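Biologist: I have a model open in front of me and would like to learn how to read it. Could you walk me through a few features?

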Amino acid sequence: MATLKGSESRCRRGTQRQCRYNIVFKFTDSKITGRTFSRGTQLPGGLLQERDKRAKWQGIPTLLQNLYESSHPNSDLSDAHDLLKTLLSQLSMEAMSFVTEDRKTIQKSTFPNTHTFDLFGGVDLLVEILMRPTLTMQKKKPKMNDDLVKECLSVLYNCCICADGVTKSLAARDDFVLFLFTLMTNKETFLQTATLMEDILGVKKEMIHLDSIPNLSGLVQSFDQQQLANFCRILSVTISEPDLGNDDKHTLLAKNAQQKRNLSPSRAEVNQVTLLNIPEFIERLCKLATRKVSEATGGNFLQELEEWYTWLDNALVLDSLMQMATEEAEQSSTESSDESSLATSPLRHRLPPSMKIVHEIMYKVEVLYVLCVLLMGRQRNQVHKMLAEFRLIPGLNNLFDKLIWRKYTVTNHVVHGQNENCDCSPEISFKIQFLRLLQSFSDHHENKYLLLNSQELNELSAISMKANIPEVEALVNTDRSLVCDGKKGLLTRLLTVMKREPPDSSFRFWQARAVESFLRGATSYADQMFLLKRGLLEHILFCIIDSGCTSRDVLQSYFDLLGELMKFNIDAFKRFNKYVNTPEKFQTFLTQINSSLVDSNMLVRCIVLSLDRFQSQTEDVKVVEVLSECCLLSYMAKVENRLSFLFRLVNIINVQTLTQENVSCLNTSLVILMLARRKAKLPFYLSALREKEHAEKYPGCLLNNFRNLLRFWQCHYLNKDKDSTCLENSSCIPFSYWKETVSVLLGSDRTSLCAIVSYIDEPFMDLDRDLLED
């Protein structure tokens with residue numbers, strides 16, 4: 001204590017200023033007062049400056065120290081603003097290098113200035129400065145300078161993209177996240193706020209509740225169309241179910257267990273309802289999605305997009321550049337009337353002429369994504385009604401040739417995979433999002449006929465009349481004032497471009513999915529014939545047999561589409577036989593089917609169902625003729641081939657691996673057995689399965705696996721929340737017969753020839769019995 005008192009005495013005798021900056025004094029003082037170090041800038045300035053020389057901190061700790069001292073609550077922040085500009089200039093170059101085309105090869109550890117800024121508490125300090133007006137007790141909140149706010153937000157965004165952990169730490173602060181929404185009311189700071197918020201919400205552990213945002217409805221209604229389009233980037237994070245990132249959690253077993261634990265709607269579902277309750281929200285999105293833009297000049301449009309997308313992969317960054325270019329133009333015109341000064345502007349020189357079209361395309365990607373998510377949600381019917389009312393489909397039809405699917409010729413154009421989250425150019429993302437929207441819009445909904453124009457609707461009516469069958473009710477009820485305009489409807493335009501795509505183009509996957517969704521549901525002969533007359537079946541068969549396509553995703557989508565196109569349609573099978581007119585072609589077709597039954601089983605189901613119906617129509621001469629001539633029907637008519645498919649379908653899945661993608665294999669195997677049961681041949685099929693597993697020297701494995709699958713089927717499909725109409729519509733077999741057949745197969749009476757248990761030897765009973773217990 002004597003030493004300490006002596007030290008204090010010396011301080012009082014004239015060296016107090018030097019002592020206050022001594023590290024020993026700082027630590028001692030913290031023990032006495034309890035005010036410990038909370039940030040690196042509390043270290044003595046002399047120590048920071050000395051260490052700065054060796055650590056190459058570029059003076060950032062000292063700048064932060066000065067920023068802290070000049071940003072106290074009663075300061076006018078003018079000095080703080082100048083200091084922040086200096087810091088921003090040091091950090092912005094690192095951020096710019098990260099968003100250029102070389103960003104994928106750069107590691108975040110190569111950004112020393114940003115790391116130093118975060119290490120010495122710069123991020124926390126800027127958050128404190130931004131939120132200071134919210135902490136005052138005064139009724140009239142003090143207003144901060146817009147430029148200061150923008151620079152604070154820009155620095156924070158730079159730190160998010162260049163320093164590990166910053167985005168997550170900001171996302172963990174709910175008060176700051178909600179505060180950012182208040183900054184969006186100011187148009188001057190909107191872009192910077194939205195850019196930062198998109199990154200923060202993207203990593204936030206818990207999805208934000210939109211209804212917790214003060215006056216969200218008023219905020220959204222105050223946005224102009226450009227702001228609303230950018231806001232969609234933020235909304236996309238709040239209305240999409242989070243990606244679990246683990247394949248095991250995507251199994252139906254895991255999903256069912258999750259649903260039992262979470263009986264209430266998810267946050268994403270609640271947020272979707274919140275958005276739909278905002279007046280004019282959907283109407284404005286439809287206007288954004290369908291508004292026209294001027295065509296690009298010159299023939300280098302696509303090339304420019306490909307060059308720019310690596311740098312401008314964020315629509316908000318693009319907005320910032322557009323804003324900067326506008327400001328430069330205004331400044332140049334003020335400083336000099338010489339137009340050459342604007343022409344030689346560095347930024348203006350770097351912006352290609354087609355930037356506005358890129359701008360509009362990126363807007364539409366975000367808008368279409370939000371609409372697509374809402375279409376797939378629980379409020380689907382409400383959303384459908386609004387999209388029809390606000391003429392979304394006719395608007396997209398008018399944009400199809402000029403913007404969505406522009407005519408261009410490009411060599412070495414690589415199309416990315418079908419993952420909607422892939423790193424795609426704006427043009428590619430736009431097309432994929434458009435196709436996903438069409439798929440969601442048409443799938444099992446009567447509004448699908450809005451994809452046609454009036455003449456095409458009349459054509460459907462004529463097809464039904466010629467075939468002497470009643471028109472589909474949905475077609476009769478379609479409001480003609482809401483259908484597509486022009487010479488072609490959207491579906492016909494899609495078929496045209498679909499035929500022009502290269503064989504392995506991943507656009508084919510999405511195109512086929514969109515067309516298939518138009519056919520899904522209760523089978524419509526008129527819909528099928530409409531597409532058959534446009535050469536769709538021949539195109540699909542060319543792709544499967546003759547094009548050399550090797551993409552499993554594309555082939556799967558074509559198998560599914562072919563199944564919907566041919567189901568119960570004798571004309572389609574006749575066309576099939578005309579195209580597949582040699583044994584070599586048919587063998588190639590079978591090889592493609594057999595190479596992956598998970599991909600092709602829906603087509604197998606279609607053939608089995610169609611064969612069963614045709615065999616009951618032997619009074620029809622045309623049907624009898626096709627039955628005798630069609631190689632595909634003849635192949636499936638052989639019981640050994642149906643048994644082969646049944647064995648493999650049951651063998652390639654089990655309860656643990658069932659997903660939304662492969663559960664169709666279980667349903668296809670059930671279809672085969674239901675049709676056998678109708679003809680009193682179920683015991684024959686079960687006996688054949690028993691013989692097969694014994695021949696494979698795995699007695700009990702196959703049949704026990706099938707029993708477990710059927711138990712799961714009951715748990716899954718008999719759930720009151722499950723929509724069983726899809727199974728019924730796709731097979732034309734009443735769901736009651738599905739349930740009855742499963743119950744018969746799972747019967748416990750070992751004397752029943754229709755119960756699986758009768759075909760399992762006692763020692764091999766109930767292998768893996770506990771699979772469903774969890």
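Biologist: Let me start with a pair of helices: are α23 and α24 roughly parallel or antiparallel to each other?

Modeller: Happy to help, and please keep in mind that this is a predicted model. Angles over 145 degrees count as roughly antiparallel. The axes of α23 (residues 392-404) and α24 (residues 426-442) cross at roughly 150°, so α23 and α24 are roughly antiparallel. Their axes come within 13 Å, and α23 passes α24 in a left-handed crossing.

Biologist: Which residues of α23 and α24 meet?

Modeller: On the α23 side they are Leu392, Ile393, Leu396, Phe400, Leu403 and Ile404. Facing them in α24 are Phe430, Lys431, Phe434, Leu437, Leu438 and Phe441.

Biologist: Let me step back to the whole protein. How many helices and strands are there?

Modeller: The protein has 42 helices and zero strands. Of its 774 residues, 51% are buried. The accessible surface comes to about 37,300 Å², and carbon and sulfur atoms account for 50% of that surface.

Biologist: What share of the contacts joins residues at least 24 apart in sequence?

Modeller: Take the contacts between residues at least 6 apart in sequence: 75% of them join residues at least 24 apart.

Biologist: Back to helix pairs, then. At what angle do α34 and α38 pack?

Modeller: Here the cut-off is at the other end of the scale, since angles under 35 degrees count as roughly parallel. Helix α34 (residues 597-614) packs against α38 (residues 663-678) at about 20°, with the axes 9 Å apart. The two helices are therefore roughly parallel. The crossing of α34 over α38 is left-handed. Residues of α34 in this contact include Leu597, Val598, Met602, Val604, Val608 and Leu609. Among their partners in α38 are Cys665, Val671, Ile672 and Leu675.

Biologist: And how do the axes of α4 and α7 cross?

Modeller: Helix α4 (residues 60-69) and helix α7 (residues 122-135) cross at roughly 20°, and their axes come within 11 Å. That makes α4 roughly parallel to α7. Leu64, Leu67 and Tyr68 of α4 make the contact with Gly122, Leu125, Leu126 and Ile129 of α7. This crossing is left-handed.

Biologist: Now for single residues. Is Glu69 buried or exposed?

Modeller: A residue counts as exposed when its relative accessible area is over 50%. Glu69, which sits in helix α4, has 53% relative accessibility, so Glu69 counts as exposed. You can also compare sequence with space: Glu69 and Ala80 are 11 residues apart in sequence, and their C-alpha atoms are 8.5 Å apart.

Biologist: What about Ser547, buried or exposed?

Modeller: For a residue to count as buried, the value must be under 20%. Ser547 has 18% relative accessibility, so Ser547 is buried. It is a loop residue, found between α30 (536-546) and α31 (552-566).

Biologist: What does Ser547 touch beyond four places away in sequence?

Modeller: Its contacts there are Pro503 and Phe542. In addition, a polar atom of the Ser547 side chain lies 3.2 Å from the backbone nitrogen of Cys549.

Biologist: Where does Val203 lie, and with which residues is Val203 in contact?

Modeller: Val203 belongs to helix α11 (residues 187-203). Its relative accessible area is 34%, so Val203 counts as partly exposed. Leaving aside neighbours within four places in sequence, Val203 is in contact with Thr167, Lys168 and Ala171. The C-alpha atoms of Val203 and Ala172 are separated by 9.3 Å, with their positions 31 residues apart along the chain.

Biologist: One last item, the backbone. Which value does phi of Asn468 take?

Modeller: Phi of Asn468 is near 60°, a positive value in a residue other than glycine. Asn468 is in the loop between α25 (454-466) and α26 (473-477), and with a relative accessible area of 70% Asn468 is exposed. Cys732 also has phi near 60°. You will find Cys732 in the loop between α41 (725-731) and α42 (735-745). Its relative accessible area is 42%, so Cys732 is partly exposed.

Technical notes
Residues are numbered from 1 along each chain as its sequence is written. This is a predicted model: local features need pLDDT of at least 70, side-chain atom pairs count only at pLDDT 80 or more; totals for chains, interfaces and linings use all residues. Side-chain values use heavy atoms; hydrogens and water are left out. Helices (H or I, at least four residues) and strands (E, at least two) are DSSP runs, numbered from the N terminus. Buried means under 20% relative accessible area, exposed over 50%, partly exposed in between (1.4 Å probe, protein chains only). Contact means heavy atoms within 4.5 Å. Accessible areas come from the Shrake-Rupley method with a 1.4 Å probe; for residues, only the protein chains shown count as cover. A polar contact is a pair of N or O atoms within 3.5 Å; within protein, one must be able to donate a hydrogen and the other to accept it, and residues adjacent in sequence count only if both atoms are side-chain atoms. Axes are lines fitted to C-alpha atoms, for helices over the stretch in contact, and angles run from 0 to 180 degrees between N-to-C directions. Angles under 35 degrees count as roughly parallel, over 145 as roughly antiparallel, 65 to 115 as roughly perpendicular and the rest as oblique. A crossing is left-handed if the near helix is turned anticlockwise from the far one by less than a right angle, and right-handed if clockwise.
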